[in-house]
Amino acid sequence: MNFMQALRTRWQQADTLVCVGLDPEPARFPAQFANDPDAVFNFCRAIVDATAGYACSFKPQIAHFAALGAEGALTRLIAHIHAAHPGIPVILDSKRGDIGSTAQHYAAEAFDRYAADAVTANPYLGRDSVQPFLDRADRGVVILCRTSNPGAGDLQDLVIDGRPLYQHVAEKVAREWNGHGNCALVVGATWPAQLKEVRAIVGDVPFLVPGVGAQGGDVEAVVTNAKTADGTGLMVSSSRAILYAGNGQDFAAAAADAARALRDEINRYR
Ligand SMILES: O=C(O)c1cc(=O)[nH]c(=O)n1[C@@H]1O[C@H](COP(=O)(O)O)[C@@H](O)[C@H]1O
C-alpha cells in the first residue's frame, strides 16, 4: 500500500486526523530516563505505543535526533513503528531541498536509510530539487507551502503576478508536481485564512497542519477551514503538547490523554 492509501485507510479505520510529532528533547524527559543510555529511543517508543490508537501518522523531526547523534535511535524507532503499528505511516520531517543530484541522496536518506513513508520537502529550489522525492510514487512528499512560524510571511507572502508566493506553490504542486498523486502540503495551523485559501486552490490534496498545541493554533478554525468535503484531508500535527503533557512516571498515559483529547476536539468539527 502506498503512502496516500495508507493515510486514507488510517483516517477512516481509526477515525483520527492527529499526527503525533516525535521531537525528543532529553532535558524535558521524565527523571526515570536520567541514566538511560538509550533514553531517546525508549522515551519515543513509549510515546508511540501509548498514542498509536489516536494517530493517523507519526512525524519524527530529524534534527531532534541528529543533533544528539541519535540517528540510530531514529532508525530503530521507525522500524518499531512499522513492526508494532503496521498501517500507521511515518513522515520524516527533514525539510530537505537541494540541487537534483544531491536531492537524490536526501530521498535515499528518507526512504531507504530511514524507511519513512513520506518526507517533508522545501520547494524553494524548484521542481528538479523535489523530483527525486516525487519519483518515489509509493512514498509521500509533503511540501512546505505556508509554514506555521511568525516569519512565514517574510518570503511566502511576497506578491508575484498578483498573488502571494505560497499560493503559487499550492497551485504548482496540485497542478504540475502531483502526477503520481503523492504530494501533500504543509500549511500552519496558526494561519486559518491561508488554510482556507489553499484548500480552495488544491482540492483534496492532504495538508500537514503543524501549529496546534505549543504554537497556539485554533483547532476549530483549522478543521472548519481546511477539511475536505468528506471531513478528512488533514494531518493535524502536535509534538510538545503531547510528548511533554506529563513528566512523571505516568508521562506516557498523559501523552495518550493529550492525543485523545486532540482527536476528539478535531472530530467535533469535522
Ligand atoms: O514541517 C513541519 O513539520 C513543520 C512545519 C511548520 O510550518 N511548522 C512546524 O512547526 N513544523 C514542525 O512541526 C513541529 C511542531 O512542534 P510543536 O509546536 O511542538 O507541536 C516541529 O517539529 C516543527 O519542526
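Trainee: Let's start near the beginning of the chain. Where is Asp-15 found?
Mentor: This is a predicted model, and we can place Asp-15 by the elements on either side. Helix 1 covers residues 3-14, and strand 1 covers residues 18-22. Asp-15 is therefore neither in a helix nor in a strand by the definition of these elements, and its place is the loop between helix 1 and strand 1.

Trainee: What value is phi of Asp-15 near?
Mentor: Asp-15 is a residue other than glycine, yet its phi is positive. By burial, this residue is partly exposed, because it has 13 C-beta neighbours inside 10 Å. Its phi is near 55°.

Trainee: What about Ala-115: where is its place?
Mentor: Ala-115 also has a positive phi without being glycine, near 60°. It counts as partly exposed because 14 other C-beta atoms lie within 10 Å. Its place is the loop between helix 5 (100-113) and strand 4 (118-121).

Trainee: Let's step back to the whole chain. How many helices and strands are there in the protein chain?
Mentor: The domain annotation gives a useful stretch to look at. Over residues 17-255, the chain is 41% helix and 18% strand. The protein chain as a whole has 12 helices and 10 strands.

Trainee: What is the radius of gyration of the protein chain?
Mentor: The C-alpha atoms fill a box of roughly 55 × 45 × 35 Å along the principal axes. For 270 residues the globule rule gives 18 Å, and the chain comes close to that, so it is as compact as a globular protein of that length. The radius of gyration is 18 Å.

Trainee: Among contacts between residues at least 6 apart in sequence, what percentage join residues at least 24 apart?
Mentor: Here we ask how far along the chain contact partners lie from each other. Of the 270 residues, 49% count as buried. For contacts between residues at least 6 apart, the share joining residues at least 24 apart is 72%.

Trainee: Which domain does the UniProt annotation give for residues 17-255?
Mentor: The end C-alpha atoms of this stretch are 16 Å apart in the model. The name comes from an unreviewed UniProt entry. That record annotates the domain as Orotidine 5'-phosphate decarboxylase.

Trainee: Which residue does the UniProt annotation "active site" cover?
Mentor: The residue lies in strand 3, and it touches Thr-120, Ala-121, Asn-122 and Leu-144, leaving aside residues up to four places away in sequence. It counts as partly exposed because it has 18 C-beta neighbours inside 10 Å, while a buried residue needs 20 or more. In the unreviewed entry, the annotation covers Lys-95.

Trainee: Which residues around the ligand come nearest?
Mentor: The shell has 4 nonpolar, 13 polar and 4 charged residues. Strand 3 (91-96), strand 10 (234-238) and helix 11 (240-243) each supply at least two residues of the shell. Of the 21 residues around the ligand, the nearest are Thr-147, Ser-148, Pro-210, Ser-239 and Arg-240.

Trainee: Is Thr-190 buried or exposed?
Mentor: Thr-190 sits in the loop between strand 8 and helix 9. Beyond four places in sequence, it touches Ser-148, Gly-211, Gln-215, Gly-216 and Gly-217. Because it has 23 C-beta neighbours inside 10 Å, Thr-190 counts as buried.

Trainee: How far apart in space are Thr-190 and Val-219, C-alpha to C-alpha?
Mentor: Along the sequence, these two residues are 29 residues apart. Val-219 belongs to helix 10 (residues 219-226). From C-alpha to C-alpha, the pair is separated by 9.5 Å.

Trainee: Which residues are buried in helix 10?
Mentor: We can look at the cover first: it includes strand 8 (183-187), helix 9 (192-202), strand 9 (207-210), strand 10 and helix 12. Beneath that cover, the buried residues of helix 10 are Val-222, Val-223, Asn-225 and Ala-226.

Trainee: Which elements do the buried residues of helix 2 pack against?
Mentor: Helix 2 has 13 residues (39-51) and reaches 18 Å from its first C-alpha to its last, close to the 18 Å expected. Its buried residues include Val-40, Phe-41, Phe-43 and Cys-44. They pack against strand 1, strand 2 (57-60), helix 3 (62-66), helix 4 (71-84), helix 11 and helix 12 (251-268).

Terms used
Residues numbered from 1 in each chain as written. Predicted model: local features only at pLDDT ≥ 70, side-chain atom pairs only at ≥ 80, totals over all residues. Near = placed C-beta within 6 Å. Helix = DSSP H or I, 4+ residues; strand = E, 2+ residues; numbered from the N terminus. Nonpolar A, V, L, I, M, F, W, Y, C, P; charged D, E, K, R; others polar. Expected span 1.5 Å × (residues − 1). Buried ≥ 20, exposed ≤ 12 C-beta atoms within 10 Å, placed from the backbone. Contact = placed C-beta atoms within 7 Å. UniProt positions renumbered as here; feature names shortened; annotations may be inferred. Rg over C-alpha atoms; globule rule 2.2 N^0.38 Å.
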